[in-house]
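Trainee: I'm new to this structure and would love a close look at just one part of it, and then at what lies around that part. Could you take me through it step by step?

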Amino acid sequence: MTGKHKIGEPLHGGIIIADNLIASLRTRTANWEDAMDTPPGWRLPTQEELLILYNLGGSGFYWSSTEYNARDAWAQSFDDGWQGFYDKGYIYSARAVRSFE
């Protein structure tokens with residue numbers, strides 16, 4: 001429970017996934033640079049926040065906002081939970097998150 005809201009409750013165009021964190025209902029595919037271009041108020045999840053999204057289920061690879069170096073960023077397989085760094089040019093899924101109070 002997150003104050004007056006519950007995890008799993010729809011809110012502000014997404015769903016509450018943790019205390020003060022909403023995940024978008026939409027997923028898109030893009031390279032890392034394009035995935036970082038989110039609507040105002042939204043952002044890619046950090047590497048740690050991506051673990052929360054993974055626990056909700058899904059399949060395929062998803063980008064995080066966490067850079068490894070100039071060429072690579074962290075992504076996670078939603079098939080088996082593996083996290084690693086991958087070339088930012090790869091096309092993976094992206095699901096934005098936003099904070100709320």
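Mentor: Let's begin with a term: a residue is buried under 20% relative accessible area, exposed over 50% and partly exposed in between, using a 1.4 Å probe and protein chains only. What you see is a predicted model, in which local features need pLDDT of at least 70 and side-chain atom pairs count only at pLDDT 80 or more, while totals for chains, interfaces and linings use all residues. Residues are numbered from 1 along each chain as its sequence is written, and side-chain values use heavy atoms, leaving out hydrogens and water.

Our part is helix H2, residues 47-55 (helices, H or I, are DSSP runs of at least four residues, strands, E, of at least two, numbered from the N terminus). Look for Gln47, Glu49, Leu50 and Leu53, which are buried in this helix. These residues sit on the same side of H2 because they cover an arc of only 150° around the axis (taken from the directions from the helix axis to the C-beta atoms). Turn to the face pointing away from that buried side, and you will find the exposed residues Glu48 and Asn55. Just after the helix, Gly57 takes a positive phi of about 105°.

What lies over the buried residues of H2? The cover, counted by contact (heavy atoms within 4.5 Å), includes the strands E2 (14-18), E3 (21-24), E5, E6, E7 and E9 (97-99).

Some of those strands lead us on to the nonpolar cores (a core is a set of buried Ala, Val, Leu, Ile, Met, Phe, Trp, Tyr and Cys residues joined through side-chain atoms within 4.5 Å). In soluble globular proteins, nonpolar side chains tend to be buried together. The largest core has 10 residues, and among them are Trp32, Leu44, Trp63, Ala75, Tyr86 and Tyr92. Helix H1 (32-35), E6 and E8 each give two or more residues to this core. Leu53 of our helix belongs elsewhere: a second, separate core of nine residues includes Leu53 together with Ala18, Tyr62 and Val97.

Back in the largest core, Trp63 is buried with a relative accessible area of 0%, and Tyr92 is buried too, at 13%. Leaving aside residues up to four places away in sequence, Tyr92 touches Arg28, Thr29, Ala30, Phe61, Trp63, Ala75 and Tyr86.

Charged side chains also join E5 and E7 to other parts of the chain. There are four salt bridges in the structure (each a side-chain nitrogen of Lys or Arg within 4 Å of a carboxyl oxygen of Asp or Glu). In one of them, Lys88 and Glu67 meet with N to O at 2.3 Å. Lys88 lies in the loop between strand E7 (83-87) and strand E8 (92-94) and Glu67 in strand E5 (residues 61-67), so this pair ties together parts 21 residues apart in sequence. Lys88 counts as buried at 9% relative accessibility, whereas Glu67, at 44%, counts as partly exposed.

A salt-bridge network links Arg71, Asp72 and Asp87. Arg71 meets Asp72 at 3.9 Å, N to O, and the closest N and O atoms of Arg71 and Asp87 are 3.1 Å apart. Arg71 is in the loop between E5 and strand E6 (72-77) and Asp87 is in strand E7, so their pair ties together parts 16 residues apart in sequence. Within the network, Asp72 is buried at 6%, Asp87 is partly exposed at 22% and Arg71 is exposed at 53%.
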